[in-house]
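This report describes the fold and a selection of individual residues for a reader at the bench. Please keep the sequence and the three-dimensional view at hand while reading.

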Amino acid sequence: MSLTLRTMLALDVVASGRPEVLAGQDDLDRVVRWVHVTEVDDMEDLLGGHEVVLTTGLPLVGPTADPARFVEQLARSSACGLIVELGPRLPALPDILVSDARRLGLPLVALHAPVRFVSITEAVHRLIVGEQYLGLEFAQRTHEVFTNLSLDSADASAIVAEASDLIDAAVVLEDAGHHVVALAQHEQAPGDLLRGWEERSRRAPVLEEPGPSGPEGWLTCPVGLRGSPWGRLVAPGRAVDPERTAMVMQRAAQALQLSRLVERDATRLQFQAQESLLQELVEGRVQDEADGLARARALGMRAAPTYVPVVALFEPTSLPDQIARQRRARAQLESIFEALREARVSAIAGGIGDERVGIIMALRSSTREDTALEALARALPARSVTPSPSSGPVLGVGRSSSTLLVAASRMRTVAHIAEAARALPATSAPWFRSTDVRLRGLVAQLQDDERLLGFAESELGPLLAHEAERGGGLVDLLRTYVRLQGNKAAVAQAAHISRQALYGRLRKIESILMVDLDDADSSLSLGVALLVHDIRQGGSPA
């Protein structure tokens, strides 16, 4: 931190002189560049600016002394302040000197006890040189940190996190719409840091160079090409060391440019920020509802009374190239964002696994859930029966919630619904809830599991073998019996046979399978086995 006049006056060597500030009390935080001792009255060509002038008062006494001219010279030379040691030669400072110093805003300090000036200069210069060395060391470390990040093509979150560590304070990266795309919260709660972010940010004008902005004194730095920034870095609150903070922010902004995050695609940062938040919500790493809502609002999702979890499950692919898979995942995510914009649905979205995009929709009280889902489904590409880059996804929909965290906690269940729905035969349904997939969806999802196949074979194998060898329609009859829940009158009517004939055939089935069809467990097990068989055959239970 730079040495200021206030800090200098607090040094033991200066404090021993019992300093009294007579003028410029509001300007004691000026940075001290050097200390100059003088006993001459002509200082015009001796100062370079930001020095503290020490004198025993010789230029202020005697028949030729001109205190007013002396203090005006110091003010014109941008001196940091004037310290005068009082003594027998000068027991008090002239009134005109004090009044002119106040008028010119020049700090004026009187020392009421003698002090060795050489002790002051040694102490101050030691601090200044030490601070300069630390500043150079810090600048070198900052340069190395952001150079390495640029060489590693670090993402925005990593760059912002390093900037936060260097200045020991929170740092926010926002886009041109004042939406937060990366955040290093430091020791602050996200809810406190981001509360009302967009409104507060708009009160802080965008500057062309790093500097304080707005009523809260944020230190900001534009990010992007000169004259056309795409966003800015913000250190909320007043910086402890504005110079170091400005340097770090500027280097961080350059690192963002050098890694070509913006040139590749400015919206990628928004994608990354939403994806990062969604993953934290799904994994339960965000524990406070207010924090989660504040971060979601900062990303552009409005607060709402209802939140609906949705998973868009795309067709699987066997692309061997990792880069190609990443590009495909990116294209899928972009299609979801574009569909949400077209459907005018406020939401956050992000990848939550292979071929999956998780969505949390924020619905106003005036918006019906089905209406929003219909709009989203219409905006997405149509689902294809064969995998292709343009295939639309299967939409799994979970139970809505009045809280963001609860909606996010249901995302894994919604993903299972989408997977089960994808395993079902092709249908025109635009989305699926748990009530749409139920047991059939689960069986369809697990149809290749050898344990399920073994179960189906043990239950139906003898009857299937009998049917293959002799025919007779017993499998179809059993399917009808299970579907009609053992109502023999209804089964006989559906099969177009008499009751007596039905009883005989049912006894035949019981004999082949060695089961009692009136037993509830037997009926349930046979129903599941038939479901497995029919789905494996590509058919549908009657």
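The protein chain contains 22 helices and 14 strands. With a radius of gyration of 39 Å, well over the 24 Å that the globule rule gives for 542 residues, the protein chain is more spread out than a compact globule. The model is a predicted one, and every value in this report is to be read accordingly.

**Overall form and surface**

Taken along the principal axes, the box filled by the C-alpha atoms of the protein chain is roughly 140 × 40 × 35 Å. Of the 542 residues, 46% count as buried. Among contacts with a separation of 6 or more, 64% are made by residues 24 or more positions apart. The accessible surface of the protein chain is about 26800 Å², and carbon and sulfur atoms hold 51% of that surface. As for charge, the protein chain carries 56 positive and 70 negative side chains. The centres of these two sets are 7 Å apart.

**A pair of strands**

Strands β11 (residues 306-313) and β14 run antiparallel and are joined by 4 bridges. Across this pairing, Leu-313 stands opposite Val-394 in β14. Strand β14 itself covers residues 394-397. Which residues of β14 point the same way as Val-394? Gly-396 does, while Leu-395 and Val-397 point the other way. All four of these residues are buried.

**Two residues with positive phi**

Most residues other than glycine have a negative phi. Two residues are described here with the opposite sign. Ser-78 has a phi near 60 degrees, a positive value in a residue other than glycine. The residue sits in the loop between α3 (67-76) and β4 (81-85). Glu-355 likewise has a phi near 60 degrees, and its place is the loop between β12 (346-353) and β13 (356-363). Are these residues buried or exposed in part? Ser-78 counts as partly exposed because its relative accessibility is 40%, whereas Glu-355 counts as buried because its relative accessible area is 18%.

**Four residues and their surroundings**

The relative accessibility of four further residues is set out below.

| Residue | Location | Relative accessibility | Class |
|---|---|---|---|
| Ser-164 | helix α6 (residues 156-167) | 2% | buried |
| Thr-56 | loop between β3 (51-55) and α3 | 23% | partly exposed |
| Gly-211 | strand β8 (residues 211-213) | 10% | buried |
| Leu-530 | helix α22 (residues 520-536) | 4% | buried |

The contacts that follow leave aside neighbours within four places in sequence.

Ser-164, in helix α6, is in contact with Ala-169, Ala-170, Val-171, Ala-184 and His-186. Ser-164 is classed as buried because its relative accessibility is 2%, which is under the 20% limit for that class.

Thr-56 lies in the loop between β3 and α3. Which residues does Thr-56 touch? They are Glu-39, Val-84, Glu-85, Arg-89, Leu-90 and Phe-117. With a relative accessible area of 23%, Thr-56 is partly exposed. Thr-56 and Pro-305 are 249 residues apart along the chain, and their C-alpha atoms are separated by 73 Å.

Gly-211 belongs to strand β8 and is buried at 10% relative accessibility. Trp-218, Leu-219 and Thr-220 are the residues that Gly-211 touches. From Gly-211 to Pro-222 the C-alpha to C-alpha distance is 9.7 Å, with their positions 11 residues apart in sequence.

Leu-530 is placed in helix α22. What surrounds the side of the chain at Leu-530? Leu-530 is in contact with Leu-460, Val-475, Leu-478, Arg-479 and Val-482. At 4% relative accessibility, Leu-530 counts as buried. The C-alpha atoms of Leu-530 and Ala-75 are separated by 97 Å, and the two residues are 455 residues apart along the chain.

Conventions. Residues are numbered from 1 along each chain as its sequence is written. This is a predicted model: local features need pLDDT of at least 70, side-chain atom pairs count only at pLDDT 80 or more; totals for chains, interfaces and linings use all residues. Side-chain values use heavy atoms; hydrogens and water are left out. The radius of gyration is taken over C-alpha atoms; the globule rule is 2.2 Å times the number of residues to the power 0.38. Buried means under 20% relative accessible area, exposed over 50%, partly exposed in between (1.4 Å probe, protein chains only). Contact means heavy atoms within 4.5 Å. Accessible areas come from the Shrake-Rupley method with a 1.4 Å probe; for residues, only the protein chains shown count as cover. Lys and Arg count as positive and Asp and Glu as negative; His and the chain ends are not counted. The place of a charge is taken as NZ of Lys, CZ of Arg, CG of Asp or CD of Glu. Two strands pair if DSSP finds at least two bridges between them.
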